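These are my notebook entries on a structure I went through site by site. I began with the ligands and then turned to the cores and to single residues.

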Amino acid sequence: MMPNMSLTTPFAVYVHWPFCLSKCPYCDFNSHVRHGGVDEARFVRAYEGEIAATAARVPGETVSSIFFGGGTPSLMQPSSVQAILDCIGKHWTIASDVEVTLEANPTSVEATRFRGFRSAGVNRVSLGVQALDDFALRELGRLHTSQEALEAVAVARSIFDRYSFDLIYARPQQTTDAWAAELKRAIAETAEHLSLYQLTIEPATPFFDLRKAGKLNIPGEDLARDLYDLTQTICADAGLPAYEISNHARRGAECRHNLIYWRGHDYAGIGPGAHGRLTIDGRRIATETERRPEGWLMRVEERGTGLTVSEKLTPGETADEYLLMGLRLVEGIDPERYSMISGRKLDSKRISILREEGAVETTADGRLRVTQSGFPLLDAVVADLAA
Ligand SMILES: C[S@@+](CC[C@H](N)C(=O)[O-])C[C@H]1O[C@@H](n2cnc3c(N)ncnc32)[C@H](O)[C@@H]1O
Ligand code: SF4
């Protein structure tokens with residue numbers, strides 16, 4: 001088991017900043033371009049309002065992790081990040097070893113703000129490098145070159161003890177040789193953590209239309225599988241084994257924020273389109289806020305919260321979510337905890353079949369986990385085991 005630095009049950013706060021300088025053609029995240037600018041001070045007041053409203057529902061929590069995700073939170077002023085962190089600290093207790101991550105795009109403009117983010121309380125940055133190949137970066141619609149990204153990584157390294165960066169692989173025309181060379185170069189720049197995502201073609205994105213029109217030549221299933229296997233081998237050899245299907249870290253350097261999601265703990269979702277999971281009166285509640293940034297802003301101003309969904313999950317739904325999230329982790333899930341949540345045991349017959357197929361295994365301490373060869377089939381494994 002990986003260490004849990006906090007002495008209390010982990011509780012996280014996710015803050016979504018939904019604005020970007022341009023929209024990347026593969027991205028279906030809740031991100032928007034506003035050429036006329038953003039009234040940042042007004043948005044910050046709304047974040048403060050939503051934090052207060054959420055804390056009124058779940059008072060007394062100790063916050064182990066705060067994550068500014070997007071969109072592009074590195075476009076925020078450090079003073080805005082500071083105000084949001086101060087507000088979180090006013091309404092909840094902040095753990096002394098709190099992890100505060102901010103997602104940043106690796107342009108020179110944003111790198112100049114890194115020092116300000118650190119002064120505000122950010123202690124970890126996650127940089128969206130995406131590729132170390134200028135042709136690929138242009139094709140991905142990125143606004144930075146690989147040189148600029150590496151310079152931003154160097155700035156991050158000089159300011160933060162902890163940084164990570166994201167790469168996307170299984171890109172158009174990518175070969176295993178080219179990816180192996182690119183990944184090794186990336187690892188040379190890595191301190192403790194890397195997120196490596198296989199390109200997914202999301203509906204209603206320009207990449208989806210290009211692919212439909214036969215104009216996007218992305219790796220087929222076999223090549224994608226080879227690229228995945230290669231990724232696992234190269235990272236493990238470099239001391240950065242996977243701890244989750246797309247995340248690699250040195251021991252003890254895992255992203256604590258994402259572990260809170262994957263281990264089924266609670267988190268508050270603040271900002272447009274943010275999701276949360278809260279426990280109120282012993283029941284797990286799923287929350288969602290209005291996705292459209294200006295719609296969210298007006299809702300918070302008028303009603304004090306941007307919430308559009310606040311739904312009690314049934315024990316079965318809560319348990320299936322634990323399965324879905326927990327099986328992404330190399331440490332897997334605790335079948336006893338699954339039974340306690342759902343009131344029923346996992347189907348031993350189905351587990352036996354999956355075990356015989358080599359897709360899952362039971363560890364010496366009784367946890368159920370997906371094997372390395374089972375990971376590319378994760379969705380099917382979860383569908384098989386879920387109620
Ligand atoms: C929503 S972005 C936010 C970070 C930041 N805006 C950026 O682009 O650098 C988080 C990460 O999701 C990944 N991502 C987004 N869309 C993806 C897709 N269609 N396939 C694979 N990875 C994707 C990228 O690696 C990106 O860094
Ligand atoms: S990948 Fe990042 S920068 Fe690009 S549109 Fe999505 S959130 Fe914005």
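Before listing any shell, I fixed the criterion: a residue is near a molecule if one of its heavy atoms lies within 4 Å of it. I also note that this is a predicted model.

**Entry 1. Ligand 1**

I looked up the surroundings of ligand 1 and found 16 residues, the closest being Gly71, Asn105, Gln130, Asp166 and Thr200. I sorted the shell around ligand 1 by class and obtained five nonpolar, eight polar and three charged residues.

Which strands each supply at least two residues of this shell? I found strand E4 (124-130), strand E5 (162-169) and strand E6 (193-198).

I then went through individual atom pairs. A backbone N or O atom of Gly71 is placed 2.8 Å from a nitrogen atom of ligand 1. For Gln130 I noted a polar side-chain atom 2.7 Å from an oxygen atom of ligand 1. Thr200 has a polar backbone atom that lies 2.9 Å from a nitrogen atom of ligand 1. I recorded the cover as well: on its own, ligand 1 has 560 Å² of accessible area, and the protein covers 92% of this.

**Entry 2. Backbone at Gly71 and Gln130**

I returned to two residues of that shell to inspect their backbone. Gly71 sits in the loop between strand E2 (62-70) and helix H2 (78-91). The peptide bond leading from Gly70 into Gly71 is cis, and its omega is near 15°.

Gln130 belongs to strand E4. I noted that its phi is positive, near 70°, although the residue is not glycine. Is Gln130 buried or exposed? I count Gln130 as buried because its relative accessible area is 8%, and buried means under 20%.

**Entry 3. A second positive phi**

I found another non-glycine residue with a positive phi, Gln173, where the angle is near 65°. Gln173 is in the loop between E5 and helix H7 (176-188). Its relative accessibility is 48%, so I entered Gln173 as partly exposed.

**Entry 4. Ligand 2**

I listed the residues that surround ligand 2: Cys20, Ser22, Lys23, Cys24, Tyr26, Cys27, Ser31, Gly71, Thr72, Asn105 and Arg142. By class, I recorded four nonpolar, five polar and two charged residues around ligand 2. Gly71 and Asn105 are in this list, and both are also among the closest residues to ligand 1.

**Entry 5. Glu110**

I placed Glu110 in helix H3 (residues 108-111). With a relative accessible area of 2%, Glu110 is buried. Leaving out residues up to four places away in sequence, I found Glu110 touching Thr72, Ser74, Leu75 and Asn105. Two of these names, Thr72 and Asn105, I had already written down for the shell of ligand 2. The Glu110 side chain also makes a polar contact of 2.4 Å with the side chain of Thr107. From C-alpha to C-alpha, Glu110 and Pro73 are 9.6 Å apart, with a sequence separation of 37 residues.

**Entry 6. Ser195**

Ser195 is part of strand E6, one of the strands I noted around ligand 1. I count Ser195 as buried because its relative accessibility is 4%. Apart from residues up to four places away in sequence, Ser195 touches Ser164, Phe165, Asp166, Leu167, Ser246 and Asn247.

**Entry 7. Nonpolar cores**

Which residues touch the most other members of the largest nonpolar core? In this core of 87 residues I found Phe68 and Trp92. Beyond its neighbours within four places in sequence, Phe68 has contacts that include Val15, Pro73, Met76, Ile84 and Val100. I noted a second, separate core of 14 residues, with Tyr14, Ile260, Tyr261 and Ala274 among them.

**Entry 8. Ala286 and helix H14**

I located Ala286 in strand E11 (residues 283-289). Ala286 is buried at a relative accessible area of 9%. Not counting residues up to four places away in sequence, Ala286 touches Gly276, Arg277, Val309, Ser310, Glu311 and Leu313.

Last, I examined the ends of helix H14 (residues 348-356). Asp347 caps its N-terminal end, with a side-chain oxygen 3.0 Å from the backbone nitrogen of Lys349. After H14 comes Gly358, for which I recorded a positive phi near 80°.

Definitions and conventions: Residues numbered from 1 in each chain as written. Chains lettered and ligands numbered in written order. Heavy atoms only, no water. Core = buried A, V, L, I, M, F, W, Y, C linked by side-chain atoms within 4.5 Å. Buried < 20%, exposed > 50% of the residue type's maximum accessible area, 1.4 Å probe, protein only. Contact = heavy atoms within 4.5 Å. Nonpolar A, V, L, I, M, F, W, Y, C, P; charged D, E, K, R; others polar. Polar contact = N/O pair within 3.5 Å; in protein donor to acceptor, adjacent residues only side chain to side chain. Areas by Shrake-Rupley, 256 points an atom, 1.4 Å probe, with all protein chains shown as cover. Helix = DSSP H or I, 4+ residues; strand = E, 2+ residues; numbered from the N terminus.
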